[in-house]
Structures are given as structure tokens and as C-alpha cells.
Amino acid sequence: MPREAEPSLNEKQFVLQALHDSVRLDGRELEQYRPLELTFGDQHGVADVTLGKTRVLAKASAELTVPYADRPLDGIFNIATELSPMTSPAFEVNRPTETEVLISRLLEKTVRRSGALDTESLCLVAGQKCWSIRVDVHVLSHDGNLIDAACFAVVAALRHFRKPDTSIEGGVLTVYTPAEREPVPLSWLHSPFCVTWSFFGEEGDIAVLDATWMEEQVRSGSCTISLNKHGEICQIAKLGGVPVEAVSLLQCTNVALVKAKDMSSKLDRWLAEDVRRRDKGGLLAELSAENDRVPDM
């Protein structure tokens, strides 16, 4: 199996020594994120997220299907993750690596199992027809902290997505095209975000936020905390590595809450800007022109 070139021993020692001195190679503070940027596509439900040099693209889609027999009143919601060889030589097509499996499971726990999306609202006819919502996550560039970037991209894509409007008359289901009726947003309950900590040193006493790829190669453990802006924790994933003291974990959780609030406010702002951009010359402009029109004397 192909492997990515590991940093040399001198590089590892340099990074560790710098972190012991509270210095990072890119000049950030230990608890500071890289610049986070979000770009929406021309089509609803496409979110392109960049976190430093890490770039993730998420695309949401919907199709009509039959609900599961054991959940006849719920729709279907799935997240699919793809890490291609274009991202890193360590990834192969149709051969999921440990990183890909880890990202998929964390996204599922954070977004799907936390009930962020109201799946009951996706049901159209109990036991017969429902919407199946799918989010495809494509990693375009990998420079560390894929989990946080992928989670932000999934949440942004789902909140930006619009599904076709429907109606039921006389037991007949009608799906309207965008030309007939304006597509409607998904029923969204809360926005969870992942905040990943990396621990360095033999005892894991150095905690670093948003590690780069180089820093991930020398860390002795990691912990991903998923929570929303209200402080509701969806899950905490501490998969192996050095043990972390409970007090340190509480401190990390408090910082994670601040970061989650910041991500939530940024996403709200970007969504509002996209709505204004799409409505330029649309309904709002038409209403404004109607109000500014001077009545004939």
C-alpha cells in the first residue's frame, strides 16, 4: 500500500521543540485556527471549505425513495466520504484507509446521530415515499485537520441545500420543479461542529488546536469534541494515544465551545450574504422598486 513520505527525524524534533516553547511553524497561537473560508456553488447545497491549505468540498442531493421498514415515518440521511489519491499518495480508490473510516464515523455521530437534521420532516407518505438526503464529501487538499473542515462543509452544505417542494392531494404525490415552486430548505434543528485537539509530549501536556499535517505526524494523541453553539456536546472521540487528565479535557471543551460559537456566527453570516447575492434583482429588489415608485398624479 502506498505511503506518504514521513517527516525526517530532524523535522520531528524541530516541531516538538518549537511546541515546547509555545511556538508553531506558521506563527499561530496554540489555540488558534487557521483562516477559515467558505464558498457556495451556483447550485444550492454545494459548499467549498478551506482551512489553511486543507480544502474540502461537500455536495448535498435529494431523491425520492421508500423509507426503511423499521422506520416508516422517517426519511433517509447518509454521508459519504471520499479521499482520492489526488489528495495524498496514502489514499487509494475503493480502498478506505483508517483516516477515511474515522472521518466517516465522526461525521455520522456528529451530524446524523445528534439529530441535527429532522428526518421525520423528510417523510412524505408513511411507509411509501420519503426523501433520501445524501451528502458527498470530497477532500481536495490535505494539510491536516480534515475532520473539522469536513464537518463544517457538511453542515454548510445541508443548511444551504434546497429540496423540491411537494404536495399531496387525493393520495397523489406531486413534486414541483423549481420553475413551478420555489425549492424549500431542510428542517434543521441545530448546527454541530467538530473541534479537534492534538496532544504532544510523552504525557500529552501540550494541547494544540487545528494541527497541520506536519504537526499530526508527531503528535502523541488527539481528541475531537463535537458540540453546538449552545454548549450541547454531541460526542467526544478520544481514540488511543496518551491519556489526558480530566481537568485538561474540561479546559479543551471550554475553548471548543468558544470556537463552535465563532464557526456558527461565521456560517450564519455567509449564508445571509449568499441569500442577498442570489436575490439581487429578484423578489426583494422588485418589492423595493415597488415601494420607491412615485404614484402618478
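**Helix packing and buried residues in a predicted model**

The crossing of helix 3 and helix 5 is right-handed, the term for a near helix turned clockwise from the far one by less than a right angle, anticlockwise being left-handed. The model is predicted, so that local features require pLDDT of at least 70 and side-chain atom pairs pLDDT 80 or more, whereas totals for chains, interfaces and linings use all residues. Residues are numbered from 1 along each chain as its sequence is written, and side-chain values use heavy atoms, with hydrogens and water left out.

Helix 3 spans residues 146-160 and helix 5 residues 246-278; their axes come within 11 Å and cross at roughly 40 degrees (lines fitted to C-alpha atoms, for helices over the stretch in contact, with angles from 0 to 180 degrees between N-to-C directions). Helix 3 contributes Phe152, Val155, Ala156, Arg159 and His160 to the pairing, and helix 5 contributes Met263, Leu267, Asp268, Trp270, Leu271, Asp274 and Arg278; contact here denotes heavy atoms within 4.5 Å. By class, 7 nonpolar, 1 polar and 4 charged residues make up this contact between helix 3 and helix 5 (nonpolar: Ala, Val, Leu, Ile, Met, Phe, Trp, Tyr, Cys and Pro; charged: Asp, Glu, Lys and Arg; polar: the others, Gly among them).

In the chain as a whole, 6 helices and 14 strands are assigned, taken as DSSP runs numbered from the N terminus (helices, H or I, at least four residues; strands, E, at least two). The C-alpha atoms fill a box of roughly 75 × 60 × 40 Å along the principal axes. Of the 297 residues, 43% count as buried (under 20% relative accessible area; exposed is over 50% and partly exposed in between, with a 1.4 Å probe and protein chains only). Contacts between residues at least 24 apart in sequence account for 70% of those between residues at least 6 apart.

An unreviewed UniProt entry lists "domain: Exoribonuclease phosphorolytic" for residues 32-164 and 191-257; such annotations may be inferred rather than shown by experiment. In the model, residues 32-164 are 23% helix and 37% strand, with end C-alpha atoms 40 Å apart. Residues 191-257 are 27% helix and 36% strand, and the C-alpha atoms at the ends of this span lie 12 Å apart.

The largest nonpolar core comprises 60 residues, and the most contacts inside it belong to Leu38, Val111, Ile133, Phe152, Leu158 and Trp197. Such a core is a set of buried Ala, Val, Leu, Ile, Met, Phe, Trp, Tyr and Cys residues joined through side-chain atoms within 4.5 Å. Helix 3 gives the most to this largest core, with 12 residues. Beyond its neighbours within four places in sequence, valine 111 contacts Phe77, Ile79, Ala116, Leu117, Val154, Val155, Leu158, Trp188 and Pro192. A second, separate core has 9 residues, including Phe200, Ile206, Val208 and Trp213.

Several buried positions were examined within strands. Valine 56, in strand 3 (residues 54-65), has a relative accessible area of 0% and is buried. Apart from residues up to four places away in sequence, valine 56 touches Ala47, Asp48, Val49, Val137, His138, Val139, Ala149, Ala150 and Ala153. Leucine 83, 27 residues from valine 56 in sequence, lies 9.9 Å from it, C-alpha to C-alpha.

Strand 11 (residues 193-200) holds threonine 196, and valine 195 also lies in strand 11. Threonine 196 is buried at 7% relative accessible area, and valine 195 is buried at 0%. With neighbours within four places set aside, the contacts of threonine 196 are Tyr33, Asn145, Ile147, Asp148, Val208, Leu209, Asp210, Cys223 and Thr224. Its C-alpha atom is 8.7 Å from that of valine 208, at a separation of 12 residues in sequence. Valine 195, on the same basis of excluding residues up to four places away, touches Tyr33, Asp148, Leu209, Cys223, Thr224, Ile225, Leu227, Ala256 and Lys259. Valine 195 and isoleucine 236 are 41 residues apart in sequence and 9.7 Å apart between C-alpha atoms.

Positive phi values occur at non-glycine residues in loops. Aspartate 210 has phi near 55 degrees and is placed in the loop between strand 12 (206-209) and helix 4 (213-218); aspartate 210 is buried at 0% relative accessibility. Serine 22 has phi of about 60 degrees and occupies the loop between helix 1 (9-20) and strand 1 (36-40). Serine 22 is partly exposed, at 48% relative accessible area.
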